[in-house]
Amino acid sequence: MAGGCRAPSSAPTVSLPELRSLLASGRARLFDVRSREEAAAGTIPGALNIPVSELESALQMEPAAFQALYSAEKPKLEDEHLVFFCQMGKRGLQATQLARSLGYTGEWLEKES
């Protein structure tokens, strides 16, 4: 699982080449935890925008409700390589810590700028 860019944390980091490899192999999911307005101005292709303010309720939804609201499959507690990112790192780290507290157990990655 992952959190933010350049945020101090104990989470492992993933470099851009590593992230590209994980994405190309279908082994990573990206979550842009910035506001909808920030994400609308540009995000990483394939990233799902769930603002950090909505993340706790989103991760606690039933899978069908998550699918209906976000048009994507809800991550499973055991999914590996969930990458939460924002602009500077604070919200990405917050998202990572939140997912951990909700029982997500996959490998945590922190996206570096």
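The questions and answers below cover the fold, strand pairing and cores of a predicted model.

Local features need pLDDT of at least 70, side-chain atom pairs count only at pLDDT 80 or more, and totals for chains, interfaces and linings use all residues. Residues are numbered from 1 along each chain as its sequence is written, and side-chain values use heavy atoms, without hydrogens and water.

Reader: In what order do the elements of the protein chain run from the N terminus on?
Author: Helices (H or I, at least four residues) and strands (E, at least two) are DSSP runs, numbered from the N terminus. The chain has 5 helices and 5 strands. Their order is β-α-β-α-β-α-α-β-α-β.

Reader: Which residue in strand 4 stands opposite Phe31?
Author: Strands pair if DSSP finds at least two bridges between them. Strand 2 (residues 29–32) runs parallel to strand 4 (residues 82–85), with 4 bridges. Opposite Phe31 stands Phe84.

Reader: Which residue in strand 3 stands opposite Asp32?
Author: Strand 2 also pairs with strand 3 (residues 48–49), in the parallel sense, over 2 bridges. Opposite Asp32 is Asn49.

Reader: Which helix gives the most to the largest nonpolar core?
Author: A nonpolar core joins buried Ala, Val, Leu, Ile, Met, Phe, Trp, Tyr and Cys residues through side-chain atoms within 4.5 Å. Buried means under 20% relative accessible area (1.4 Å probe, protein chains only). The largest core has 18 residues; Val33, Leu48, Ile50, Leu55, Phe66 and Phe84 touch the most other members. With 4 residues, the top contributor is helix 3.

Reader: How many residues are in the second, separate core?
Author: Its members include Leu19, Leu22, Leu30 and Phe85. The count is 7 residues.

Technical notes: Buried means under 20% relative accessible area, exposed over 50%, partly exposed in between (1.4 Å probe, protein chains only).
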